[in-house]
Each structure stands twice: as C-alpha cells, then as structure tokens.
Amino acid sequence: MRIIVASHISIDQVQGDKTSWSSIGGPAVYAGLTLVRFGCEVKIITKIGFDFHDDWVTKLARGRLTLNHGSRNLSSPTTKFKIRFNEQERSLKLRARCEDLSIEQLDGCVANGSIASPIVGEVSFNFLRTISEKAAPLYVDPQGFLRKYDKSGRCTIENLDPAHLSCADI
C-alpha cells in the first residue's frame with residue numbers, strides 16, 4: 001500500500017530542566033515511520049530549508065521515508081520549534097517557518113491514501129482538494145489549521161474553517 005504524508009518536517013529544539021537536544025519531528029516523520037512499520041510505502045510531501053542536514057535526509061531514507069521532488073528550499077529555513085518542558089508544563093514556540101507545500105509537489109504521485117497533517121498552516125485548501133482527488137481516502141489532522149502564531153512565535157488556537165475538512169474522508 002502506498003501512502004502520501006503531507007506535512008512540514010520540523011527541527012525541534014527541546015529543552016528540559018537538565019537536558020537539551022535537537023531532533024527532527026512533525027507528523028511527516030512520526031506518521032511516516034509508523035506507516036512503514038505497518039508495511040506501507042510512504043512518500044513525504046514536505047518543505048525543508050537550507051539548514052536541514054543531509055544526514056537527517058539519510059536517516060529518513062534508512063527509515064524508508066522518501067522526500068518528494070521540490071522538498072528542499074534553499075532560501076528559507078526549515079520549520080523550527082523550541083519546546084520547553086518540566087514536570088509541570090510544556091511550551092511550544094515557533095522559531096522559523098518554511099514555505100507552504102505546493103500542488104506541483106503532487107505531480108506524478110500515485111497512492112492508495114493520504115494524510116494531510118499541517119503543523120503551521122502549510123497546507124492550503126487547494127492542496128487538500130488536489131490530494132483528495134489523487135490519493136483518496138484522505139485523513140486530515142486539523143492541528144495546523146487551528147494553530148496561529150504571533151510575531152514572537154507564541155502559539156494560540158483559533159476556530160477551524162470548515163472548508164478545510166470538506167475534502168477529508170477521515
């Protein structure tokens with residue numbers, strides 16, 4: 001079974017009380033790896049920036065996750081979050097945002113289903129409509145349609161535009 005996962009891959013800068021590290025994250029990675037474990041062939045539609053290390057691309061490939069053409073943007077940074085946590089709370093702050101996914105990235109994609117799981121609004125309604133026509137059924141995770149970020153990167157939640165769910169099968 002072939003599945004398309006459309007979402008930004010993020011670089012997460014995680015800071016705990018006594019430790020800190022950077023890792024790649026986002027639904028493209030987590031859903032993608034899960035689908036591979038279930039025996040699916042996964043095509044990731046994403047945008048990564050100039051700061052996304054080639055060794056991370058290699059790690060994804062070792063996990064049998066392939067990036068689609070047009071994934072790398074050499075003029076923008078990769079979407080980055082700073083995640084702070086301790087025993088009482090967790091905070092999420094947007095540090096950088098890569099460009100939106102483009103419909104052209106879907107050219108030539110053949111799949112038995114798709115997942116659209118934006119994290120920073122990188123998936124447009126037209127993209128959803130196109131992917132639902134090419135790779136149904138379409139599962140939509142609305143988190144990236146609900147999250148809004150102010151200039152400092154602070155996340156707030158807004159109402160969901162129902163149009164974003166009109167193409168979803170799940």
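The chat below walks through a predicted model, from its strands and cores to its largest pocket.

Colleague: Before I read anything into this, what kind of model is it?

Modeller: It is a predicted model, and local features are described where pLDDT is at least 70.

Colleague: Fine. Let's begin with strand 1: how many of its residues are buried?

Modeller: Strand 1 covers residues 2-6, and 4 of its 5 residues are buried.

Colleague: And which strands does strand 1 pair with?

Modeller: Strand 1 pairs with strand 4, residues 41-45, in the parallel sense over 5 bridges, and with strand 8, residues 113-116, also in the parallel sense, over 4 bridges. If you want places to look in the viewer, A6 has I45 of strand 4 as its bridge partner, while I3 stands opposite G113 in strand 8.

Colleague: What about strand 2, which strands does that one pair with, and in which sense?

Modeller: Strand 2 pairs with strand 3, residues 20-25, in the antiparallel sense over 6 bridges, and with strand 6 in the parallel sense, again over 6 bridges. On the strand 3 side, S10 is bridged to G25, and on the strand 6 side, Q15 is bridged to R84.

Colleague: How many residues are in the hairpin link from strand 2 to strand 3?

Modeller: The hairpin joins strand 2 to strand 3 through 4 residues.

Colleague: Staying in strand 2, is Q13 buried, exposed or partly exposed?

Modeller: Q13, which sits in strand 2, has a relative accessibility of 30% and therefore counts as partly exposed. Leaving out residues up to four places away in sequence, Q13 touches W21, S22, K80, F81, K82, I83 and R95. Its C-alpha lies 8.8 Å from that of I24, a residue 11 places away in sequence.

Colleague: I24 makes me think of the interior. Which residues have the most contacts in the largest nonpolar core?

Modeller: That core has 18 residues, and those with the most contacts inside it are V5, I9, I24, L35, V42, F52 and L60. Strand 1, helix 1, strand 4 and helix 2, residues 54-62, each give two or more residues to this core, and the largest share, 4 residues, comes from helix 1.

Colleague: What other core is there?

Modeller: Apart from that one lies another core, of 17 residues, with L106, C109, F127 and I131 among them.

Colleague: Back to V42 for a second, what does it touch?

Modeller: Not counting residues up to four places away in sequence, V42 touches I3, V5, G32, L35, V36, R64, L65 and T66. Among these, G32, L35 and V36 are buried residues of helix 1, as are P27, A28 and V29.

Colleague: R64 is on that list. Where is it, and is it buried or exposed?

Modeller: R64 lies in the loop between helix 2 and strand 5, and it counts as exposed because its relative accessible area is 52%, where the cut-off is over 50%. R64 also has a positive phi of about 65 degrees although it is not a glycine.

Colleague: Any other backbone spots to look at, say where is there a cis peptide bond?

Modeller: The peptide bond from A136 to P137 is cis, with omega near 0 degrees, and P137 is in the loop between helix 3 and strand 9. Another spot is G39, just after helix 1, which takes a positive phi of about 90 degrees.

Colleague: And helix 3 itself, which of its residues are buried, and what do they pack against?

Modeller: In helix 3, residues 125-134, the buried ones are F127, L128, T130, I131 and S132. They pack against strand 1, strand 4, strand 8, strand 9 and helix 4.

Colleague: Switching to the pocket: how much space lies in the largest one, and which residues are nearest its centre?

Modeller: About 190 Å³ of space lies in the largest pocket, which is lined by 13 residues, with D12, G26, R90, I119 and R147 nearest its centre. By class, the lining has 6 nonpolar, 4 polar and 3 charged residues. Strand 2, helix 1, strand 6 and strand 7 each supply at least two residues of it.

Colleague: R147 is an arginine, so why does it count as buried?

Modeller: R147 counts as buried because its relative accessible area is 18%, and the cut-off is under 20%. R147 belongs to strand 10 and, leaving aside neighbours within four places in sequence, is in contact with F81, L92, I119, C155, T156 and I157.

Conventions: Residues numbered from 1 in each chain as written. Predicted model: local features only at pLDDT ≥ 70, side-chain atom pairs only at ≥ 80, totals over all residues. Heavy atoms only, no water. 1 Å grid on protein atoms, 1.4 Å probe; cavity = no way out; pocket = protein on both sides within 12 Å on 5 of 7 lines; lining within 4 Å. Points joined across faces, edges and corners; volume = space filled by probe spheres on them. Nonpolar A, V, L, I, M, F, W, Y, C, P; charged D, E, K, R; others polar. Buried < 20%, exposed > 50% of the residue type's maximum accessible area, 1.4 Å probe, protein only. Pairing = 2+ DSSP bridges. Core = buried A, V, L, I, M, F, W, Y, C linked by side-chain atoms within 4.5 Å. Contact = heavy atoms within 4.5 Å.
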